[in-house]
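User: I have the model open and would like to know what stands behind the terms used for it. Could you walk me through them?

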Amino acid sequence: MRCAIEHRPRGHWPRCDAVGCVSLVFDDRHRRRFRLETTAGEPVLLDLPEAVAMAEGDGLRCTTGDWIEVAARPEPVLRITAATPVLAARLAWHLGNRHTPADIRPDATLIRPDHVLAQMLRALGATVTEAVEPFQPEGGAYARHAHGHDHP
């Protein structure tokens, strides 16, 4: 079994040396030690010195010197859109006020499925639809810059 011992953010590892890919939902991309499986079915032991928040395009270096790419697996989300920039800002304020993890994109904001929040957002004027997409919520001003993760 391969053993992944180092994490590097997207753009800071030799992608041409990737020998496989692990596709993980958001909750499984924040780990220290975990048994993973590549998309080809090969087992990989993640054994990092500390827990790391991994994102789409990151790399995991194995003890063999090979690299495994990290992919964000699509998962159920709520896709929130607004008719105006002012409404989009208002919706974002309400989500932030509830400390809701949010994946903010140019055309929509994604959150985890939550019927109470969906009802509130619709009442505020949002269009809320169920979707299955990769989910990479904002990590916060300090976390994002510390780990080098910006949105693609």
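Analyst: Happy to! Strand S5 (residues 59-62) and S6 are antiparallel partners joined over three bridges. This is a predicted model in which local features need pLDDT of at least 70 and side-chain atom pairs count only at pLDDT 80 or more, while totals for chains, interfaces and linings use all residues. Residues are numbered from 1 along each chain as its sequence is written, and side-chain values use heavy atoms, leaving out hydrogens and water.

User: What makes S5 and S6 a pair?

Analyst: Two strands (DSSP runs of E, at least two residues, numbered from the N terminus) pair if DSSP finds at least two bridges between them. S5 and S6 have three, so they qualify. One of the matches puts leucine 60 opposite isoleucine 68 in S6. The hairpin of these strands has four residues between them, and glycine 65 there takes a positive phi near 95°.

User: How do you know that S2 and S6 pair as well, and in which sense?

Analyst: S2 and S6 share six bridges, in the parallel sense. Cysteine 21, for instance, has glutamate 69 in S6 as its bridge partner.

User: Why are S2 and S3 said to stand at the edges of their sheet?

Analyst: The order of this open sheet of six strands is S2-S6-S5-S1-S4-S3, with mixed pairing. S2 and S3 each have a single partner strand, so one side of each is left without a neighbour in the sheet.

User: Why is glutamate 69 called buried?

Analyst: Buried means under 20% relative accessible area, exposed over 50%, and partly exposed in between (1.4 Å probe, protein chains only). Glutamate 69 comes out at 14%, so it is buried. The rest of S6 fits the picture: six of its six residues are buried. Trp67, Glu69 and Ala71 are covered on one side, and Ile68, Val70 and Ala72 on the other. In a regular strand, side chains alternate between the two faces of the sheet.

User: What makes the contact of glutamate 69 and arginine 15 a salt bridge?

Analyst: A salt bridge needs a side-chain nitrogen of Lys or Arg within 4 Å of a carboxyl oxygen of Asp or Glu. Glutamate 69 and arginine 15 are 2.3 Å apart, N to O, and meet that limit. The two are 54 residues apart along the chain, with glutamate 69 in strand S6 (residues 67-72) and arginine 15 in the loop between strand S1 (2-8) and strand S2 (18-24). The whole structure holds 13 salt bridges.

User: What makes arginine 112 and aspartate 27 partly exposed?

Analyst: Arginine 112 has a relative accessible area of 30% and aspartate 27 has 47%, so both values fall between the two cut-offs. Their side chains also meet in a salt bridge, at 2.4 Å from N to O. That pair spans 85 residues: arginine 112 is in the loop between S9 and H2, and aspartate 27 in the loop between S2 and strand S3 (30-37).

User: How do you know that glutamate 133 belongs to a network of salt bridges?

Analyst: Glutamate 133 is bridged to arginine 79, with the closest N and O atoms 2.8 Å apart. Glutamate 133 sits in strand S10 and arginine 79 in strand S7, 54 residues apart. The network links these two with Asp103, Arg105 and Asp107. Glutamate 133 is buried at 14%, and so is arginine 79 at 19%.

User: Why do S8 and S10 count as edge strands?

Analyst: The second open sheet to look at has four strands in the order S8-S9-S7-S10, with antiparallel pairing. S8 (103-104) and S10 (127-133) each have a single partner strand, so one side of each lacks a neighbour in the sheet. S8 pairs with strand S9 (residues 109-111) over two bridges, which means the pair just reaches the minimum of two. Isoleucine 104 has threonine 109 in S9 as its bridge partner.

User: What makes a space the second largest pocket, and which residues line it?

Analyst: On a 1 Å grid over the protein atoms alone, a pocket is an open set of points where a 1.4 Å probe fits, with protein on both sides within 12 Å along at least five of seven lines; lining residues have an atom within 4 Å of a point. The second largest one holds about 190 Å³ of space, a volume filled by probe spheres set on points joined across faces, edges and corners. Among its 13 lining residues, Ile80, Ala82, Ala88, Ala108 and Thr109 lie nearest its centre. S7 and helix H1 (85-97; helices are H or I runs of at least four residues) each supply at least two lining residues. The largest share, four residues, comes from H1.
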